[in-house]
Amino acid sequence: MSKAEFNPSQHAQSASRDSQGDHHYLVGLELTGRKVVIIGAGSVVQRRLGTLADSGADIHVIAPEATPTVESFPGITLQTRRYRDGDLEGAWYALACTDDAEVNAAVVAEAESRRIFCVRADDARHGTAVTPASLTHDRLRIGVLAAGDHRRSAAVRTAIGQALGGGELGAAGLEAAAREPHPPGVALVGGGPGDPDLITVRGRRLLAAADVVVADRLAPPALLAELGPHVEIIDAAKVPYGRAMKQEAINDVLVERANAGKFVVRFKGGDPYVYGRGFEELEACVAAGVPVTVVPGITSAIAGPSSAGIPVTHRGITHEVVVVSGHIPPGHPDSLVNWQALAQMRGTIVLMMAVERLDVFTSALIDGGRAGDLPVAIIENATLGSQRLVRSTLSQAAVDARIQNVRPPAIVVIGPVAGFDAESGSTGTARP
């Protein structure tokens, strides 16, 4: 064969694609502040947004429609339109994640012309990059590639994670996750306050065994990225004052998938029974004869303040803590909260889902007798890398929240403990 008949570059590219990834080069990308473009906004993107956001990338999503979780994902730029040539301008990395093969091929073609590495979600062999099955453990980032066998890479990744968490790692154990029989029915799993490391060991194990995951918007998105490609993800997000999957529809899909022989994980942020409607879902499953397992989670009502250095109780300062939903304002006919009684308390009040109506809640407490200079702490994106703490007082909190552009999810802590400063060790002097 003459040199003219043999092109080493083409041969290497062909060999790589024919062997479905045997020659992939595993590398870590520094994406902090760098533009990443995602074409598509469905369940595949929902899986990957968490880990991409954790990288600090400047994420741009382009799609005609987005799932509620993608639509409300904090910190991204979303354009609701179709892809067009030129959308990858200035990008360092791209992902083609639509359900249209022609669009995905066009995205990859543009990426190649611009020398941008691009993942093609529907057919990894025809992209220029692949996403490994990955996990994070004790500041280790571990990725597994299995020559295009996504189920195997996900199973090995899960087994490694279990081993690092205290199990045994050996030849027989690496792919055990793929062979273990799954539990029956439905598991209501609390994912914790946001940081993927704060899910319980049992919750993570059951999530790894799921055939179907029905996920809330506040369920740790990084954990969805760890699921195998065969796992069906159903977006059950409830966007604040926006789109939401009706509770009846969630109940129906849990029962329907479980009756079809699937192991279903209802994946929630925090704890399933703390404003998670978990017992309603349990009732629906029990009525249909579907077995249910409940896995408690760390509630953000306690963990959020703790992550900001604020204890919700403290000896000699406060002996009680009340967690209140801000979903319904004071005076509403459906409200079950005695705001006058809350105002007479000396302890800590933790408001959940209250940012949009904070002025109404603070006014009700002041009108009931609480001091206007009472410390208030607002924790946005608690336990995540984007966590932010805004300190204020009861009379000024709503104004400060607007000035600081505080967005959900955020936790509002009201009471003397809200003035505590973990860095200085100060407990403050404000009165209850």
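**Close-up views of two sheets and their helices**

**View 1. Strand 13 meets strand 14.** Strand 13 and strand 14 (residues 348-352) pair in the parallel sense over five bridges; two strands pair if DSSP finds at least two bridges between them. Helices (H or I, at least four residues) and strands (E, at least two) are DSSP runs, numbered from the N terminus. Within strand 14, Met352 is the bridge partner of Ser325. This is a predicted model, where local features need pLDDT of at least 70, side-chain atom pairs count only at pLDDT 80 or more, and totals for chains, interfaces and linings use all residues. Residues are numbered from 1 along each chain as its sequence is written, and side-chain values use heavy atoms, with hydrogens and water left out.

**View 2. The mixed sheet.** Here five strands make an open sheet with mixed pairing, in the order 13-14-17-15-16. Strand 13 (321-325) and strand 16 (388-393) are at the edges with a single partner strand each, so one side of each has no neighbour in the sheet. From one strand to the next, the twist averages 20 degrees. Helix 11 (residues 300-307) packs on this sheet, touching strand 13, strand 14, strand 15 (375-380) and strand 17 (410-414), and its direction makes about 80 degrees with that of strand 17. Contact means heavy atoms within 4.5 Å; axes are lines fitted to C-alpha atoms, for helices over the stretch in contact, and angles run from 0 to 180 degrees between N-to-C directions. Helix 13 (residues 358-367) also packs on the sheet, where it touches strand 14, strand 15 and strand 17, at about 155 degrees to the direction of strand 14.

**View 3. The parallel sheet.** Look next at the open sheet of five strands in the order 10-9-11-8-12, whose pairing is parallel. Strand 9 (residues 212-215) and strand 10 run parallel, joined by four bridges, and Ala215 has Asp235 of strand 10 as its bridge partner. Helix 7 (residues 201-208) lies across strand 8 (186-190), strand 9, strand 11 (264-268) and strand 12, at about 135 degrees to strand 12. Helix 10 lies across strand 8, strand 11 and strand 12, and runs at about 175 degrees to strand 8.

**View 4. Helix 9 against helix 10.** Helix 9 (residues 247-259) packs with helix 10 (residues 278-287) at an angle of about 45 degrees, their axes 9 Å apart. In helix 9, Gln247, Ile250, Asn251, Leu254 and Val255 meet Glu280, Glu281, Ala284 and Cys285 of helix 10.
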